[in-house]
Amino acid sequence: MDDKHMQIGEVAARTELSLRTIRHYEETGLVVPSARSQGGFRLYTENDVARLMVIRRMKPLGFTLDQMRDLLDATDRLDADEALGAEEREALLDRVRTYQEAAAEQVEKLRVQLARAEDFEGTLRRRLSAPAPAPAPAPASGF
């Protein structure tokens with residue numbers, strides 16, 4: 001990937017994460033800036049952005065910071081240049097597979113929730129577009 005460095009503001013815009021969130025992920029060890037400028041500014045690479053995108057995609061599915069860290073550790077080790085033994089590689093792939101299955105379950109739950117939300121919104125839309133009931137006749141005057 002490109003070794004071009006980006007400051008945190010550009011990374012925030014690209015990932016649609018706030019500066020505060022990115023700093024929080026740094027404090028928790030999920031992502032570490034690849035470098036610092038002479039002035040001490042955080043500098044990120046495309047790999048850092050990709051890592052933040054994994055985190056961003058895991059969060060709405062309910063994964064914890066520890067689970068994010070575990071998955072990122074497994075994928076980092078799989079992507080490392082060092083040779084892995086077959087047993088270690090399979091164990092890492094099993095970890096990734098576990099997260100993929102959990103993500104699939106969460107996606108299905110979200111689909112059900114979305115369908116219910118769309119049904120509810122449709123009910124309200126139909127209610128608003130329904131003609132108003134005819135006014136009740138005025139009571140007869142006894143005078």
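The largest nonpolar core of this predicted model comprises 22 residues. Within this core, V11, I22, Y25, L52, I55 and F63 have the most contacts. At least two core residues come from each of helix 1, helix 2, helix 3, helix 4 (65–79) and helix 5 (86–129). Helix 3 gives the most, with five residues. In soluble globular proteins, nonpolar side chains tend to be buried together.

I22 was examined further. Leaving aside residues up to four places away in sequence, I22 touches I8, V11, A12, T15, L17, V31, Y44 and L52. Among these contacts, I8, V11, A12 and T15 are the residues listed as buried in helix 1 (residues 8–15). Viewed down the axis of helix 1, the buried residues fall within an arc of 100°, so they line one face of the helix. Their packing partners are strand 1 (6–7), helix 2 (19–27), strand 3 (42–44) and helix 3 (46–58). E16 follows helix 1. The phi of E16 is positive, near 60°.

The strands were considered next. Three of them form an open sheet. Their order is 1-3-2, and the pairing is antiparallel. Strand 1 and strand 2 (35–36) stand at the edges, each with a single partner strand, so one side of each has no neighbour in the sheet. Strands of a sheet pair through backbone hydrogen bonds, either parallel or antiparallel. Strand 1 is joined to strand 3 by two bridges, and the two strands run antiparallel. M6 stands opposite Y44 in strand 3. Y44 is also one of the residues touched by I22. Strand 1 and strand 3 both pack against the buried residues of helix 1.

Helix 4 was analysed for length and burial. At 1.5 Å a residue, the 15 residues of helix 4 should span 21 Å; the end C-alpha atoms are 21 Å apart, which agrees. The expected span is 1.5 Å times one less than the number of residues. The buried residues of helix 4 are M68, L71, L72, A74 and L78. They cover an arc of only 160° around the axis, which puts them on the same side of helix 4. Helix 3 and helix 5 are included in what covers these buried residues. Helix 3 also packs against the buried residues of helix 1.

Technical notes:
Residues numbered from 1 in each chain as written. Predicted model: local features only at pLDDT ≥ 70, side-chain atom pairs only at ≥ 80, totals over all residues. Heavy atoms only, no water. Buried < 20%, exposed > 50% of the residue type's maximum accessible area, 1.4 Å probe, protein only. Helix = DSSP H or I, 4+ residues; strand = E, 2+ residues; numbered from the N terminus. Arc of directions from axis to C-beta. Contact = heavy atoms within 4.5 Å. Pairing = 2+ DSSP bridges. Core = buried A, V, L, I, M, F, W, Y, C linked by side-chain atoms within 4.5 Å.
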